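Welcome! Let's take a friendly look at how two helices meet, and then at the empty spaces in this protein.

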Amino acid sequence: FEKLKKEYVPITIPYNRPDKRPLMAEVNIADLHLGKMCWQGISGSNYDHKIARKQFKDAIEHICAELSERNIEKILFVWANDYFNADTIDNKTTAGTPQDVDSRYEKLFDVGVELLIYAIDRLKNIAPVETFYTPSNHDKMSSFYAVRTIRAWYKDDHNVTVSMNTQPRKYYLYGNVLLGFCHGDQEGRESKSKEKASRLASLMPIESPEMWGKAKYREMHVAHLHSEQMIQEINGVIVRRISSPTANDTWHVESAFVGQVRKCQTFLWDKEYGNVGTINTPILTS
């Protein structure tokens with residue numbers, strides 16, 4: 001903390017809120033996989049923590065520029081879906097799967113925390129920010145440590161709320177909009193896509209009955225697959241897979257999981273009308 005306080009200089013840009021209907025922005029940067037190492041000769045693109053850091057910051061700046069033209073009263077910052085590529089000192093996932101990683105665990109953790117502080121500082125210039133922890137298969141421990149760290153960092157900042165709820169699925173009510181969040185690797189693991197979507201949709205009224213009763217628009221936002229998919233609308237619940245900014249590594253290429261559009265997604269929510277827009281932020285690669 002002392003080192004970060006000495007070296008980190010927050011960027012403050014004045015924001016004049018337009019005279020329009022107030023909205024909530026859901027800034028969803030899923031599956032960053034910070035520290036993943038990809039080589040163009042095998043996977044078709046280069047990727048390491050330095051490239052990921054630049055692309056993450058560029059995406060945040062693009063999102064802030066887009067949001068500055070709207071009357072944003074709240075920002076829900078969703079990031080804890082495989083934010084780190086590995087979870088252990090020997091570069092393995094939480095379950096022990098080896099990963100191609102470009103730097104030491106300690107260094108990547110520091111870089112990851114600094115990036116989150118950078119993003120939250122930029123977003124809170126626009127509106128109060130709320131963020132939370134989503135357990136994921138690559139970094140279940142590391143992301144928990146990161147969210148604990150940023151909670152301590154912002155403990156006296158009334159414009160930032162950091163939830164330490166560790167439940168695998170989170171629910172958030174904004175007006176008559178009910179949003180659910182999870183990583184999506186565990187729910188119905190042995191099922192087909194439509195069966196997984198049905199499982200997720202059916203959990204919402206069971207796990208959040210009071211919020212369910214107040215809502216008119218309901219969506220579950222799920223990560224893990226690195227591609228945008230509105231899998232299905234089931235009994236009034238849209239189950240939506242969120243895009244990822246990460247590059248393909250050797251495993252993805254060898255398994256033929258290629259071709260997805262690399263981007264971040266920001267959803268605009270109106271308390272009365274639900275989803276009124278989506279900002280797509282493509283990842284520009286050289």
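## Two helices that cross

In this predicted model, helices α4 and α5 are oblique to each other, because their axes cross at roughly 45°, and angles from 65 to 115 degrees would count as roughly perpendicular, those under 35 as roughly parallel. Helix α4 covers residues 105–124, and helix α5 covers residues 140–153. Their axes come within 10 Å, and α4 passes α5 in a right-handed crossing.

Which residues of α4 and α5 meet? From α4 come Y105, F109, V113, L116, I117 and I120, and from α5 come S142, Y145, A146, T149, I150 and W153. By class, this contact has ten nonpolar residues, two polar and no charged.

## An enclosed space

A search of the whole structure turns up one cavity of 30 Å³ or more. The largest cavity holds about 80 Å³ of space. Its lining includes Y105, F109 and S142, and these residues also take part in the contact of α4 with α5. Others in the lining are L34, F84, N85, A86, T88, N91, V101 and L108.

Helix α4 gives the most to this lining, with three residues. Seven of the lining residues are nonpolar, four are polar and none is charged.

## An open pocket

The largest pocket holds about 880 Å³ of space. It is lined by 35 residues, of which D82, N137, H138, H224 and W251 are the closest to its centre.

Here helix α8 (residues 250–254) gives the most to the lining, with three residues. The pocket lining has 19 polar, eight nonpolar and eight charged residues.

How values were computed:
Residues are numbered from 1 along each chain as its sequence is written. This is a predicted model: local features need pLDDT of at least 70, side-chain atom pairs count only at pLDDT 80 or more; totals for chains, interfaces and linings use all residues. Side-chain values use heavy atoms; hydrogens and water are left out. On a 1 Å grid over the protein atoms alone, a cavity is a set of points where a 1.4 Å probe fits but cannot get out, and a pocket is an open set with protein on both sides within 12 Å along at least five of seven lines; lining residues have an atom within 4 Å of a point. Grid points are joined across faces, edges and corners, and a volume is the space filled by probe spheres set on the points. Helices (H or I, at least four residues) and strands (E, at least two) are DSSP runs, numbered from the N terminus. Ala, Val, Leu, Ile, Met, Phe, Trp, Tyr, Cys and Pro count as nonpolar, Asp, Glu, Lys and Arg as charged, and the others, Gly among them, as polar. Axes are lines fitted to C-alpha atoms, for helices over the stretch in contact, and angles run from 0 to 180 degrees between N-to-C directions. Angles under 35 degrees count as roughly parallel, over 145 as roughly antiparallel, 65 to 115 as roughly perpendicular and the rest as oblique. A crossing is left-handed if the near helix is turned anticlockwise from the far one by less than a right angle, and right-handed if clockwise. Contact means heavy atoms within 4.5 Å.
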